[in-house]
Structure formats: structure tokens, C-alpha cells
There are 4 protein chains.
Amino acid sequence: MTGQTKGPVAGRRADAVRNRARVLAAAEEVFDRLGGTASTAEIARVAGVGIGTVFRHFPTKQDLLAAIVKERLDRLWVEAEDLVAGDDPEAFFVFFRRLVRQSAGKKSIVDALAQEGVGLRADKPIGTLQRLIEPLLTRAKAAGLVRADAELPEVMGVLTGTCQAALGAGWDEDLQARVLDIVFTGLRPR
Amino acid sequence: MTGQTKGPVAGRRADAVRNRARVLAAAEEVFDRLGGTASTAEIARVAGVGIGTVFRHFPTKQDLLAAIVKERLDRLWVEAEDLVAGDDPEAFFVFFRRLVRQSAGKKSIVDALAQEGVGLRADKPIGTLQRLIEPLLTRAKAAGLVRADAELPEVMGVLTGTCQAALGAGWDEDLQARVLDIVFTGLRPR
Amino acid sequence: MTGQTKGPVAGRRADAVRNRARVLAAAEEVFDRLGGTASTAEIARVAGVGIGTVFRHFPTKQDLLAAIVKERLDRLWVEAEDLVAGDDPEAFFVFFRRLVRQSAGKKSIVDALAQEGVGLRADKPIGTLQRLIEPLLTRAKAAGLVRADAELPEVMGVLTGTCQAALGAGWDEDLQARVLDIVFTGLRPR
Amino acid sequence: MTGQTKGPVAGRRADAVRNRARVLAAAEEVFDRLGGTASTAEIARVAGVGIGTVFRHFPTKQDLLAAIVKERLDRLWVEAEDLVAGDDPEAFFVFFRRLVRQSAGKKSIVDALAQEGVGLRADKPIGTLQRLIEPLLTRAKAAGLVRADAELPEVMGVLTGTCQAALGAGWDEDLQARVLDIVFTGLRPR
DNA sequence: AATGAATGAGGCTTCATTCAT
DNA sequence: TATGAATGAAGCCTCATTCAT
């Protein structure tokens, strides 16, 4: 039935990996579009696989949601690494702005930030994000770009809030800039 | 109908009024706790009425959600009126802080702010809120307490963001204060 | 509250009687329009009474349906009596035609004929109708206007069938006449 | 899809096909017995499948009803084709009689005739039936077996009426024959 | 006797999850 | 391993009927 050569070890495994990726991508798209109540069937349809395949890779809808969040955090991590590796003290603001921009229209990234709904006890996304942001914040403070008394918790609070609002309202570029101007002003030293 | 005072109303009507209130209260509690996907049955249980009673008063789940939002906005409106009536230029910050405080742990008030989920074609909650806040903001700007270039849209953005974050994270008093300090600093003139 | 004079014995009773009639009339109208699945509430609304009143007079929806049927049969009976009392041998056809005409658009009269749905074990509407039609048929046969071998059961069959079809299809005058022409031809002696 | 014979189909598909048929059969039985208001659950029970299966195959109760009607019309169509293909001028009467016989005790075939209840915007059952009967009628008239002035509409009227009556009353063979004798006499030339 | 609010069983439908192929 | 049919719990809503006023 599969007909192909059984050649290089991979064989079936390759399909599985590809399918997993497809499902993840589809889920991201669908959840971003319809929110976490979107049906698993819709995801399977978008992914172009059977619904059984979805559940083979992610035994539970929760698992799927969690996987998306993890995936996004991983991606953010990668994006953040360059910034962390570099020594630009403005990196904190760059990353902040980037998060907000990505949030517009993407429910799942916001969920990642807010751990809302999803029972993500396992991965502590907030914690992960914090670990990403902490060094950037520290450096920005050291450079005198962020007020000295701003601690991580309230910075995270402002960040998640801004991202959530950006999501819900579908801000345009201009409004994003204006909101960030307020927030960044609040973060900088007087 | 009777044209009299709207007081306790006569006959059975009293029970109906009481039940309507009970359902509304239960719905508020349940939706705040479980989000908008909570079941109607759960609400009926909490309200201590039959499920039919819930639907008699609110023919649709949407209607119930909308009623809660409206109720909350009405309450906010009342609260805001005093502030508007007075002449304290700090009233803007007072109201802002109050909203954030109330949002902690209350999903539906945040929904009211974000108009998310609820199909509130009728009342445009954001619009309503804006009308509440606009005069306060104007006055604060006139008094030099808010930077002159802060327009309503970005102020609303910061406000809803902060409320949403407060909701999701269940901030304690202290964290709330620290976040607000950042935000308010960003809003004040340099 | 009632305020009126307690005068002539009737008093409350009169209201009750009037209400019963109203409900019956409303039910007839509603069931004819919407069929037997129409809601009791709709009937109360049309009758202009509380739903409790409907159930006071007719403890069950079935009872209401049955009462309508009975009412209609009673009316038919009255209509038939003149015909029976007279000696026109064509009376059979007159009555037949009248039934069909009344059936168009009136679900309940047809139900009366077909005893369908309603659990009318009590009154045997068919039986009642048969008792109405039997003498007319007999006379028509005696006068040589109906074939001698046509017995009551098949005559009733043709009658109910024609009425049911008239109901469902909403025949106009012309079509009614054409169908009846076929049926009557079948009934007359060759 | 496979392009092959429509035979037993491969894989699970076979079960699905069988289940679809079972559901259809059950629905036919149940609706014939209890009318169109019978519950979907009852159908699932009779079919011996889960209720979800019913809805997988027929997303709506309406769809199920419609499918039954369509199925019946298809079957009638097949039955009629032979008659149409042949040249027996009595075929009209044969088909008429067959319809009436099948109607006894089968609510859904009658619904098909009367298009009642079922929202069959798509197929216009009456229209379909008419197309079946028209050629038979024409031929019978040409052969002088049906009076020349009998047009299709009134013939359909008599037909549906007789079928409906047969349904409601549960006629036995003998009564059917006697009714049909009257109707057929009415249809034949004097 | 009239009213209409309350009740809850029951109907239709969705959807996460399981399982046979 | 992939598939998609099957399952049934659960959700929303309707409506006949009861009951307090």
C-alpha cells in the first residue's frame, strides 16, 4: 500500500515527524483564529490528516495546547538568544516590542503569557519567559535605561497586560507605538 | 403597568425579581470563576433554581452574559458619576486603579473591557467605558496630571491591558501597586 | 380587586365560561395554523389568558385537542341535523362537499376525521361522524344517487382521504370541484 | 474515489455503509410508527448504534427525514420505471394501487406524498411523484381507461388523499379494495 | 378562579476521545 | 502508523405541567 522503498531507516518515522509538525502548525493557526474552543476536527482538517493522527501525537487537547505554547516559547527563546548574546542595552525594549507585535491577532501566544485556560502546570511558561527577559531587564537597568526600582514581577505584569490588550483589540501599528510609548516611559528612569 | 413606584412590586412578581437577581449573581460568580464556557446548569445550581428559570429570565446564554456585562457597566457608571461630578483631577487615576482592583479574579469585568466572547452588539461596552473615562482623562490632562499627548485610545489600551493582566495573574495588592506605578508614571508628564 | 358587582349569581362563573371559550377558540386557530405541536404558551397568548388558565380548563394538552375535536364534531352535528331532518337525497353530497371545503387549511378538523395523534379513545370521532353520515348515505342510496354496493366504511375512507388531501395541499375552489367530481362519480351508480 | 465497482468498498468504509443503512432503516421504522416527532435517541436505539453515529451520517434530523423520503421516492421511481417501460395501459392503476398499499401504516411515505413537515425544498417530492405518474396517466387516458377530462392535479389529489386515509386508518386488504373500486370508478370514463 | 413564575424531563446537537481496520 | 467511524457525555434550549400568590 505504501509502495515506497523501505530504504533509509527513517521510513515511517519520517512521516510521523512531518505529521506532528503539520498538526502543530494547523493547531497554531486554528487556535489563533478561533480561540481555544476550536474543535479538534477543524485542526485535523486544516492539517490534512485524520483526526486519529492528531490524537496519536497529542493524546489530549490540553497536550496540544501545551505543545503550542511550548513551541512558541522555544521560538521566542531562539529569538531572544541573539539579543541576550549581544550587548545592546536596548535589547529589552526590542524584545518587549516584538512580543507585543506578535501578540496582535495571536491568541495562543497570549495564552502562553497568561497561562490562561490551559493547565500548564508542567512548563511554567511565565517562568520560562521570565528567564528570557530577566537578563535583558538586568542589562537595561545597569545601563540606566530602566528605572532601578522596577522588579521583574511588575515588568512581567506590564508586558503580559500589553500583549493581552494587543490581542483583543487588534491594534494597528500606530496604536501599538502609542501604547508602548506610555509603557516604556513608565519603565524608564525619570 | 401599575404606574406606581417601582418598589417591591406586587404579587408573585417579587419572587421573580428576586430569582432574576439570584441568577444574575450566580452567573457572575460562576463566570468569574470558570469563564464564559461555564455551563448554564452550573449557574442554575449555584442560584438554587431550576434550569428553566434561568432561561425564563435570560432566553439565551448570550443574553445572560450580556446582562452581566451591562450590570457591571451600570455599576461602574454609578461609581464613575461621583468622580465625574466632583472636581478632583486625580479622579482619573482613582477610577483607573479601581477598575484594575476589581478586575483581579473577575473574568467578566475583563470581558466587558475587552468585549471578548460576549456578542454585545447592543451596548458597545468599550464605547460605554470610554464615555466614562473621557471626561476624567480630559480633566486630568487639563490639570497637568496626564501628559498632553496621551489620547483616549492608547489610554484605553493601557487600561484594558492592565485589567486583563490583573485578572489572569491574580495580583496581590502590592504587585498591583507596583504595576500601576509604572503605568501611571508613563501617563504623567515628564 | 375584581371591583365589580357580585350581582347575578353567575359572577365568577361567567368569566370562567368565557375563558374556556376563548381558550378553545384560540387553540383551534393555533392548531389549525401550526399543527398539533404548537405550544400551549402560544395558545394562552392568543387567547389572552394566563397559561394557568389554559390548564385549569384543560388539564392536559391532549384534553384540549380532544375538546377541539369534540367541539368541531358538535358543530358538524348541528350543521348535519338540518340536512338529516330535510328529505333532500342530495344532502349526502352537500355534506360531503361541505366537509371537504372546511378541511382546507384546518388541521384539526382533519384530525377529527382521522383521529390521528390525539388519543381520542373516549369519543370515537369517526364513530360520531359515521352516525352523522349514515342516514344521509342511506337516503342517497335509496334515491339511487349512490351505488347500492357502497358501504359506510369505504365511503368514510374516501371522505377522510379527500379531506386530508384538501388540508395538506390547500386546494383552491376549482381543484376541490375537480377532485370531488371524480369522487362523486365513483360513488354514483353507473 | 477508487473508481472501482461500488461493491462492498474497502476497510472501515464497509461498516460505515452498513451503519448508514441501519440508521436509515431504523428511522423509517420509527418514523412510520411514531411520526416525525419521534426522538433521534429512539432511532439510535433501534438502529443499535450510538447517537453520535446517527448525527455523523445525518447531521440534522431534517436531513434524516429528507433522506428517508428521498430513499422512498427512489424506490418508487425504480418500481415505476418498469411500469413506464412496459406498455400495459393498466399500469396507472397498478401503480396507484401499489402506492396505497404501501401507505397503510407508513407515515413517511405519506409524508413524501404530502411533503408535510419535512423541509424538502430540494427535491419537491410531489413534483417527483408527478413525473412518475404523468406518463402512466397519459397512456391510460390514451387507452380510454381513464376519462379524458381528468387532469394530473386532481388525480394527484385523489391519490394523496387515498394514501393518507390508508395510513391513518390502517385499512385491511378488503377495505382498500373497496375504496379503490370507488376511486377507480370515478376515474374511468362513463 | 386567574395568573405567570418555576420546574425539570427530554430533545437536538457538538465534540473530545476511543477503537477497529 | 494513519485513518475516520463510533461513542456518549454534556451543553443549550423547549415546553408541558405544577404551584404559590
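**Stop 1: chains A and B**

Select chains A and B of this predicted model. Look at where the two copies meet. Of the interface residues of chain B, 96% are also interface residues in chain A, so the copies meet through the same surface. Now superpose chain B on chain A. The operation is a rotation of 178° with 0.1 Å of shift along its axis, and the RMSD is 0.4 Å. That is the relation of a two-fold axis. To find the axis in the viewer, pick Gly186(B). Its C-alpha lies 1.6 Å from the rotation axis, the closest approach of any residue of chain B.

**Stop 2: chains C and D**

Move to the contact between chain D and chain C. Color 23 residues from chain D and 23 residues from chain C; these make up the contact. Then show Glu154(D), Arg178(D) and Ile182(D). These three supply 28% of the area that chain D buries against chain C, more than any other three residues. How much area is buried between chain D and chain C? About 1900 Å², with carbon and sulfur atoms giving 65% of it.

Next, turn on side chains. The rule finds 4 salt bridges across the interface of chain D and chain C. Zoom in on one of them: Arg178(D) pairs with Glu154(C), at 2.9 Å from N to O. Across this interface of chain D and chain C there are also 6 residue pairs in polar contact. Which elements of chain D give two or more residues to the side that touches chain C? Select helix H8 (152–169) and helix H9 (173–187) of chain D. By class, that side of chain D has 9 nonpolar, 8 polar and 6 charged residues.

**Stop 3: DNA strand E**

Select DNA strand E and the residues around it. There are 37 of them, and the closest are Thr40(A), Asn19(B), Thr53(B), Arg56(B) and Thr53(C). Of the strand E atoms that come within 4 Å of the protein, sugar and phosphate account for 67%.

Three phosphate contacts are worth a label:

- Gly50(B): a polar backbone atom is 2.6 Å from a phosphate oxygen of DNA strand E.
- His57(B): a polar side-chain atom lies 2.9 Å from a phosphate oxygen of DNA strand E.
- Thr40(D): an N or O atom of the side chain is 2.7 Å from a phosphate oxygen of DNA strand E.

Now show the helices. Helix H3 (51–57) of chains A, B, C and D each supplies at least two residues of the surface near DNA strand E. Helix H1 (13–34) of chain B and helix H1 (12–34) of chain C do so too. Color the surface near DNA strand E by class: 12 residues are nonpolar, 17 polar and 8 charged.

**Stop 4: DNA strand F**

Switch to DNA strand F. Which residues are closest to DNA strand F? Of the 38 that surround DNA strand F, the closest are Thr53(A), Thr40(C), Asn19(D), Thr53(D) and Arg56(D). Sugar or phosphate holds 67% of the strand F atoms within 4 Å of the protein, and bases hold the rest.

For a base contact, center on Gly52(A). A polar backbone atom of Gly52(A) is 3.0 Å from a base nitrogen of DNA strand F. Then go to Arg56(A), where a side-chain N or O atom is 3.0 Å from a phosphate oxygen of DNA strand F. Finish at Thr40(B), with a polar side-chain atom 2.8 Å from a phosphate oxygen of DNA strand F.

Last, color the surface near DNA strand F by class. It has 12 nonpolar, 17 polar and 9 charged residues.

Key
Residues numbered from 1 in each chain as written. Chains lettered and ligands numbered in written order. Predicted model: local features only at pLDDT ≥ 70, side-chain atom pairs only at ≥ 80, totals over all residues. Heavy atoms only, no water. Least-squares fit on C-alpha atoms with pLDDT ≥ 70 in both. Contact = heavy atoms within 4.5 Å. Near = heavy atom within 4 Å. Polar contact = N/O pair within 3.5 Å; in protein donor to acceptor, adjacent residues only side chain to side chain. Helix = DSSP H or I, 4+ residues; strand = E, 2+ residues; numbered from the N terminus. Nonpolar A, V, L, I, M, F, W, Y, C, P; charged D, E, K, R; others polar. Buried area = accessible area lost by both parts, 1.4 Å probe. Salt bridge = Lys/Arg side-chain N within 4 Å of Asp/Glu carboxyl O.
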